[in-house]
Amino acid sequence: MLFNSLAFLVFFPTFLVAYLLTRGALRLWLTLLASYLFYAWWDWRLLPLLWFQTGLDFTAGHWLDRLESPVARKRLLIASLSTNLLLLGFFKYANFGMSTMQALGGALGFSLPDVKLDVVLPVGISFYTFQSMSYVIDVYRREVRPEKSLLRFATSIALFLHLVAGPIVRARKLLPQLASDRKFDAELATAGFEQLLWGFFKKVAIADSLAKFVDVHYAEPALFDGASLLVATWFYAFQIYCDFSGYTDIALGGAKMLGYDLGVNFDRPYFAASFSEFWNRWHISLSSWLRDYLYIPLGGNRGGTLATYRNLMLTMLLGGLWHGANWTFVAWGALHGLYLVIERALGWRPSMIIVFPATCFAWIFFRAETFADAADVIHGIVARNSWSLGQVQNQVVATKGALLIAVLIAVEAASFRPELVARFRSAPMLRYGAAAAVLWAIALFGTYSGANFIYFQF
Amino acid sequence: MTGLEVRRAALRLLALCAIALAGDRLLARAGSAALMSSELRFSVATRGALSAEVLVLGDSRAVNSFWTPELVRVSGRSAFSLAFNGMSTLTAEALLRDYLGRNQAPRLIVLEVTNVLDNHDLVKALACYWPVSPSLDALALELFPRSHAAARVSHLFTLNGEIFLRGLRYLRRSDQDWVNRFAMTPEILAVARAGPPFEIVAPDESLEALGRIVALARERNSEIRLVIAPYLPEYIAHATNWEAFVAELQRAAGPGERIWDYGHADTDSGHFADRLHLNASGAVPFLERLARDGVFAIDTLPSGQ
C-alpha cells in the first residue's frame, strides 16, 4: 500500500480510530496485523520472509543473552548476520552478481551463460533487514536487553509506518515505546498531522511534479540542450529529497499521531556547508547505521590517516550498493566517499555553493540507469550548453517546479530561526491557515498518478 | 483525559476541514475567473463569439505546423488555432462540439490528422473547463470518473495542471503565435537515424472520432481538410506501415474526404525542431505549399448566407 494512495487514505484513519479504542496487548496485535495487511497489499507471498527474519533475530537475541562463552556468542552473531545478509543478497543482488560475473568473464575471454533468476525484490527488505540486524548486534554488544515479547519485537520490525522505506528505527528507540500504551496527546497529534500533510505536499506536489520533467530528460538525454539537462539534474536533487523526506515526514507524522517518536531522518540537507554535514543531515537513520555498524567496526578514524580514508571509502561504497544492485549506485557512493576524503585531507569546510553542485553531480549517477546514460547527461551539460535558460524546454512546467522548490527552500530556511518557529507554534490561527494552505497546494499542484516512492526499490 | 484530548483533536480537525473547504471554493472561484479572462485559446473559445474563418485542430504537430500568424498571411483568412499538445481525436471532437456551441461555425476546419492517439490525458488537464464545456465534461466523466468525482470534492483540483498556469501566463497576450523555435541538434538527428523500425497504431475509438468530426463539420456546413504535416524524414523512414496507416485514416474519414499527406514532404532537417515537429522556419514553407496546393481554398459560402 502506498502512502499516496486512496487505499492508505482509508486505511490510516480507520486504523487510527481502532488504535485509539484499544489498549495493551490488543492494541499491539491490532498494530501488528494492520502492518502485515499494509505489507501484504503489495504481495502477501512476501510475508513469510518477513516472519522468518523476525523469528530468526528474536531467537538470536535470546540466545545471545543466555550464552556466556564469547566464542559461542560470536558464532551465533555471525550466523544471524550471515543469514540476514544472504537473504538480502539473494533477493537483491543475485542477478546483479551474475551479470557482473558474466561481464567480467567476457572481458577475460571466458564465455559464461547469461543466467537470470526470476526473483521478486521484497519491498523494504533493505530497511527491515538492517533494523533487525542492528537489534542483534546491540544485544551482542549488551547495549540492549533482548525483548521478551515476540509480539512487541515483531511489531517493532513490522510497524507499517517505517516498514518499507524507513526510517531505520533502532530497537533501543522503539521497543521501550511499545512496552506501554502511548497516551494520546492532542498537541503531539496535531504536530504529527502537520508533518504528515507537509510530507504529502513534498511527495505529491513537489517530487512528482519534478519527476515529470526529470523523467523525460533522463529517458533520452541526447534530445535535450545542456541547460535543460542541468535544470533536470537540479530538479532531480529536489525530487529525490522531497520524495524520500516526504515519505519520512508521512511516516514520522503518522507515528506522532499514534504517540510514537521515531526520530529525525532528514534535517534540511541541502543547507549543508560540508559533505560530512550533508551526511549528518541526509537519511540520518542509514548514515548513523553505517557509522555505528560498519565504519566504526572497520576502525573508524582510529587507525591513522590512510586507514580512515579507506574506511570512509568502503563505507560509502557499501552505502551506495545498499541503494541498489547497479554499479551506478556504487559510483554514486564512491563519489561521496571521495568528497569526504578530500574534505578530510584538506581540513576544509567547502560551503553550500560547492556542496550542492557536487551532490547534484553525484545524483546524475544515482538517477541514470547506465554509465552510458550518465555520460550522455554530463556530455550534454558540458558540450551542448548555451547557458541560456531560454533553451529550457517546457518552461511552464519548469517554472512551476522552480516555484515549488522556492517554497520548500523558504520554509526550510525559516525553520532555522527558532523565534519564527516558536511564534508559528503559539499562533493557532496561523497553524490552521498554514495547514489549509498546504491542503490547497496539494489540490492545486499535486500529481495523482500513484507514483511509487523512489526508495521503495531499495 | 485521553477522551478530552481526542475530542480536542477531532474539533481541530473539523475546524481545519471547514477552513480548507471554504478556502478551496473561494480560491477556485478566483482562479477560474482569472482563467476565463485569459487569452489562452481554450478560454477565448469558451468565452465565445469568435468568427474565425479557419479553425485548426490537432496536437502539438498541428500547433507547430499551422503557425497561426503565418496561416493568416498565406491564406488571407482569419484563423484560430484550438490545437494543443497531446490533443487526441476524441478530445478534438469534444472541443469542436463545445466550440461550435458558442462560436460561429468556421468556413474551414483544418485537422492535423495524425492525432489518432490513445492518450487522452489532455481531457484531464482541461478540468478547469469541464464546468463550462458540456461535451468535454461528458468525455471526462466517461474517461476519468475518479478525477471527475475528485473535482466535485475540491474545486481547486480542477485548476491543477499546466493549463491553468498557461492561462495565467497568457492573461494579457494571445497564445496564437506559438511555434517551436528550436533547431535540430546533430544528436537528435543521430538518434532519429539510428531509431528502430516502428509501427503507427491508430486505435479504433480515435478513427471513429475522426469520422464523427468529418460528419460534424458537414452538419455545420464547414469544409474540412485532413492534413498530415511533415515528419523528420530520418525518423519517418523507420515507419513500417505508413501506407496502411494513411489508408486507415482515409477509410475512417470516408470516401468524400481526401487525406492531404505531407508526411514525407520536407527533407530539410533544418526545418524541424525534433523528429515530430516543424519549427518556425519549416512552418512557413509548409503553409505556403498548402496554400499553393489549394488546402485553404473554400468553396462554401460563409455560414449564415
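## Helix 10 and helix 15 of chain A

In this predicted model, helix 10 of chain A packs against helix 15 (residues 352-367) of chain A. On the helix 10 side, the residues that meet helix 15 are Thr233(A), Trp234(A), Tyr236(A), Ala237(A) and Ile240(A). Their partners in helix 15 of chain A are Thr359(A), Cys360(A), Trp363(A), Ile364(A) and Arg367(A).

The axes of helix 10 and helix 15 of chain A are 9 Å apart, and the packing angle is about 80 degrees. Helix 10 of chain A is therefore roughly perpendicular to helix 15 of chain A.

## Helix 12 and helix 13 of chain A

A second helix pair in chain A is formed by helix 12 (residues 284-295) and helix 13 (residues 305-323). The axes of helix 12 and helix 13 lie 11 Å apart and the angle is about 125 degrees, so helix 12 and helix 13 of chain A are oblique to each other. The crossing of these two helices of chain A is right-handed.

Helix 12 of chain A brings Leu290(A), Leu294(A) and Tyr295(A) to this packing. Helix 13 of chain A meets them with Asn311(A), Thr315(A), Leu318(A) and Gly319(A).

## Domains of chain A

Chain A is assigned domain 1 (6-181) and domain 2 (187-273 + 351-452). The centres of domain 1 and domain 2 of chain A, taken over C-alpha atoms, are separated by 29 Å. Where the two domains touch, eleven residues of domain 1 of chain A are in contact with twelve residues of domain 2 of chain A. On the domain 1 side of chain A, helix 1 (6-21), helix 7 (160-163) and helix 8 (171-178) each supply at least two residues. Helix 1 of chain A has the largest share of that side, with three residues.

Helix 9 (residues 186-219) of chain A contains Glu194(A). Is Glu194(A) buried or exposed? Glu194(A) has 20 other C-beta atoms within 10 Å, so it is buried. From Glu194(A) to Met313(A) the separation is 119 residues in sequence and 38 Å in space, C-alpha to C-alpha.

## The largest nonpolar core

The largest nonpolar core has 208 residues, and Val56(B) and Leu57(B) touch the most other members. Helix 10 (residues 226-258) of chain A gives the most to this core, with 19 residues. Domain 1 and domain 2 of chain A each provide at least three residues of the core. In soluble globular proteins, nonpolar side chains tend to be buried together.

Leaving out residues up to four places away in sequence, Val56(B) touches Ala62(B), Phe66(B), Ala79(B), Ser81(B), Leu82(B), Ala83(B) and Val110(B).

## Chain B and its contact with chain A

Chain B has 14 helices and five strands. Its C-alpha trace spans about 80 × 55 × 35 Å along the principal axes. Of the 305 residues in chain B, 46% are buried. Among contacts in chain B between residues at least 6 apart in sequence, 82% join residues at least 24 apart.

How many residues does the contact take from each of chain B and chain A? There are 27 residues from chain B and 23 residues from chain A. On the side of chain B that touches chain A, the elements giving two or more residues are helix 1 (2-36), helix 9 (162-169) and helix 10 (186-194) of chain B. Helix 1 of chain B gives the most to that side, with 13 residues.

Technical notes: Residues numbered from 1 in each chain as written. Chains lettered and ligands numbered in written order. Predicted model: local features only at pLDDT ≥ 70, side-chain atom pairs only at ≥ 80, totals over all residues. Core = buried A, V, L, I, M, F, W, Y, C linked by C-beta atoms within 7 Å. Buried ≥ 20, exposed ≤ 12 C-beta atoms within 10 Å, placed from the backbone. Helix = DSSP H or I, 4+ residues; strand = E, 2+ residues; numbered from the N terminus. Domains from an automatic or database assignment. Contact = placed C-beta atoms within 7 Å. Axes fitted to C-alpha atoms, helices over the stretch in contact; angles between N-to-C directions. Parallel < 35°, antiparallel > 145°, perpendicular 65-115°, else oblique. Left-handed = near helix turned anticlockwise from the far one by under 90°.
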